[in-house]
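Student: I would like a close look at one part of this model: the strands in the middle stretch of the chain and what they touch. Please finish with the metal site.

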Amino acid sequence: MFYFSSFLLLGPIAGALAAIGPVTDLHIVNSFIQPDGFNRSGVLAEGVFPGPLITGNKGDNFQINVIDELTNGTMLLSTSVHWHGLFQKTTNWADGAFVNQCPIAANDSFLYNFNVPDQAGTFWYHSHLSTQYCDGLRGPLVVYDPQDPYADLYDVDDAGAAPTSDATLINGLGRSVNGPADAPFAVVNVVQGSRYRFRLVSISCDPNFLFSIDGHTFTVIEADSVNHEPVVADSIQIFAAQRYSFILTANQTVDNYWIRANPSNGHTGFAGGINSAILRYSGAPVADPVTTQTSVNLLQETSLVPLENPGAPGNATLNGVDVDLNLVLSFVGGRFEINGVSFVPPTVPVLLQILSGATTAAELLPSGSVYTLPLNSVIQLSFNTVAVAAIGGPHPFHLHGHTFDVVRSAGSTEYNYVNPPRRDVVSTGAATDNVTIRFATDNAGPWFLHCHIDWHLEAGFAIVFAEDAPDVAAANPVPDAWNQLCPTYDALTSAQLGGN
Ligand SMILES: [Cu+2]
């Protein structure tokens with residue numbers, strides 16, 4: 001299957017689509033796209049790739065009515081949408097994974113109605129049904145903070161999307177090996193002397209990218225929607241589903257400069273203009289850059305310090321937590337496993353199981369993949385990646401419903417409990433690593449933890465945390481339409497399900 005492993009660079013992009021939200025319809029349709037010159041059928045939000053930018057402000061109520069108009073039965077006809085990075089407190093049913101809902105059937109719609117009371121920053125949305133997001137259903141979501149503590153650091157944050165695996169797409173554009181040599185590059189237009197907030201969003205299905213801009217350094221201020229103290233760097237390794245904001249001051253000679261996003265696998269390098277976009281100063285000729293790569297200062301995850309309330313929960317000792325879970329990752333018989341169990345999506349969403357009275361790990365399905373977590377407790381997860389780091393790794397793990405503190409990062413043997421980086425997707429690194437994260441339970445509901453390389457998730461690389469299971473029902477009142485999803489979905493014929 002031909003797919004795009006792209007990422008988004010949200011910045012001043014010519015021709016960027018108008019943003020929608022926080023109250024909007026979102027039509028999911030099949031249509032043909034050829035972002036890198038090759039035509040293929042996609043599953044697309046509003047018929048475009050990437051999907052339109054959805055925006056709102058901190059404190060907003062989002063009402064996104066997802067309307068399934070899919071007709072191409074060679075791909076899945078149902079859908080569901082996850083709003084990546086949002087906590088969904090009291091609205092676990094709107095989190096979008098099969099853990100939380102039955103999929104929306106074709107010719108049906110479902111209203112995702114949720115509040116964002118205490119989060120701002122760079123998010124994204126994507127299908128969470130099988131590997132459907134690799135077929136195109138993914139786009140950026142930005143929650144603006146009217147009291148942004150960094151507002152004084154930049155002049156412009158008009159997030160148009162500029163992306164760059166078969167083809168690296170920067171804002172939906174890019175060149176591919178054997179593709180048309182004149183496929184247009186994404187162009188990011190800047191004015192000399194101005195300061196820009198760029199939002200880098202990996203909507204990749206698989207590879208990580210090494211991102212840089214020739215001739216420029218920048219200042220990183222956000223990781224995965226969490227403000228961090230400013231860190232100067234000139235390149236970022238961004239894993240699938242991660243986000244960063246950085247401030248770029250257009251302080252170089254008026255000219256064209258290559259923006260580079262080199263993927264970790266597939267067609268790497270920059271020959272023939274692949275994996276590239278253009279940073280163009282106002283007044284520069286409309287021409288391809290002739291710059292060379294200059295990056296020498298890669299952002300280190302360990303140098304990220306949260307701006308607000310730094311410090312991991314629990315005590316500053318290796319076992320200073322309430323629940324200490326060692327997650328042993330393995331690959332057996334073509335399936336990924338966590339602690340010896342490969343995840344197979346349940347036929348009944350975990351949330352529905354809980355609402356039906358199942359609250360213990362022994363009762364909840366899929367058997368061996370659901371872990372219960374007590375309320376108001378400090379949880380520590382450590383990822384033992386010895387057996388899988390070389391199998392499509394490093395594996396970026398994402399936890400729904402929370403951000404977490406990375407007390408031990410990939411590439412480091414130090415434990416930082418005082419001010420570790422805080423995010424929602426973490427690389428679990430190499431075989432020698434033992435990446436360790438902490439979070440506190442304050443959000444009743446079943447939450448997915450999974451590798452964000454979508455092919456690995458499909459191959460079972462996930463577990464579910466049933467957080468504060470006894471309080472889930474009272475804390476998450478579900479709308480009537482949610483109750484209708486499973487009866488409708490369960491009645492679909494094979495032809496109506498699609499993907500055959
Ligand atoms: Cu993986």
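Tutor: The answer goes from the open sheet to the neighbouring hairpin, then to the rings, the loops and the metal.

This is a predicted model, in which local features need pLDDT of at least 70 and side-chain atom pairs count only at pLDDT 80 or more, while totals for chains, interfaces and linings use all residues. Residues are numbered from 1 along each chain as its sequence is written, and side-chain values use heavy atoms, with hydrogens and water left out.

Start with the record. An unreviewed UniProt entry annotates residues 34–147, 156–284 and 344–469 as "domain: Plastocyanin-like". Its positions are given in the numbering used here, feature names are shortened, and annotations may be inferred rather than shown by experiment.

Now the open sheet. Five strands line up in the order β11-β19-β18-β13-β16, with mixed pairing. Strands here are DSSP runs of E, at least two residues long, and helices are runs of H or I, at least four; both are numbered from the N terminus. Two strands pair if DSSP finds at least two bridges between them. β11 (187–190) and β16 (235–238) are the edges; each has a single partner strand, so one side of each lacks a neighbour in the sheet. On average, neighbouring strands of this sheet are turned by 20 degrees against each other, direction ignored. The axes behind that value are lines fitted to C-alpha atoms, for helices over the stretch in contact; angles run from 0 to 180 degrees between N-to-C directions.

Look at β13, residues 209–213. β13 pairs with β16 in the antiparallel sense, over 4 bridges. One of the contacts is explicit: Ser212 has Ser235 of β16 as its bridge partner.

Next comes β14, residues 218–223. Of its 6 residues, 5 are buried, so β14 is largely enclosed by the rest of the structure. Buried means under 20% relative accessible area, exposed over 50%, and partly exposed in between (1.4 Å probe, protein chains only). β14 pairs antiparallel with β15 (226–233) over 5 bridges. In that pairing, Glu222 stands opposite Asn227. The two strands form a hairpin with 2 residues between them, and Asp224 in the turn has a positive phi of about 50 degrees.

β14 has a further antiparallel contact, with β17, through 4 bridges. There, Val220 is the bridge partner of Phe246.

Phe246 leads to the rings. The whole structure holds 23 aromatic pairs. Phe211 and Phe246 have ring centres 5.7 Å apart and planes at 45 degrees, so this pair is tilted. The rule: rings of Phe, Tyr and Trp (its six-membered ring) pair if their centres lie within 6.5 Å; planes under 30 degrees apart count as stacked, over 60 as edge-to-face, and the rest as tilted. The pair bridges distant parts of the chain, with Phe211 in β13 and Phe246 in β17 (243–249), 35 residues apart. Both residues are buried. Compare Tyr415 and Tyr417: centres 6.4 Å apart, planes at 20 degrees, so they are stacked.

A charge meets a ring too. The charged end of Arg260 sits over the ring of Phe270, 4.7 Å from its centre. That label needs NZ of Lys or CZ of Arg within 6 Å of the ring centre and within 35 degrees of the ring normal.

Two loops carry cis peptide bonds. Phe49 and Pro50 are joined by one, with omega about -10 degrees. Pro50 lies in the loop between β3 (40–45) and β4 (54–57). Gly393 and Pro394 are joined by another, with omega about 0 degrees. Pro394 lies in the loop between β23 (378–384) and β24 (396–399).

The loop of Pro394 brings us to copper. The protein donors are His395 (ND1), Cys451 (SG) and His456 (ND1), at 2.0 to 2.1 Å from the ion. Donors are N, O and S atoms within 2.8 Å of the metal (3.2 Å for Na, K and Ca); water is not among the atoms, so sites may look incomplete. Along the chain, the donors follow the spacing H-x55-C-x4-H. His395 lies in the loop between β23 and β24, and His456 in helix α2 (454–458), so the pair ties together parts 61 residues apart in sequence. His395 is buried, at 0% relative accessibility. His456 is buried as well, at 10%.
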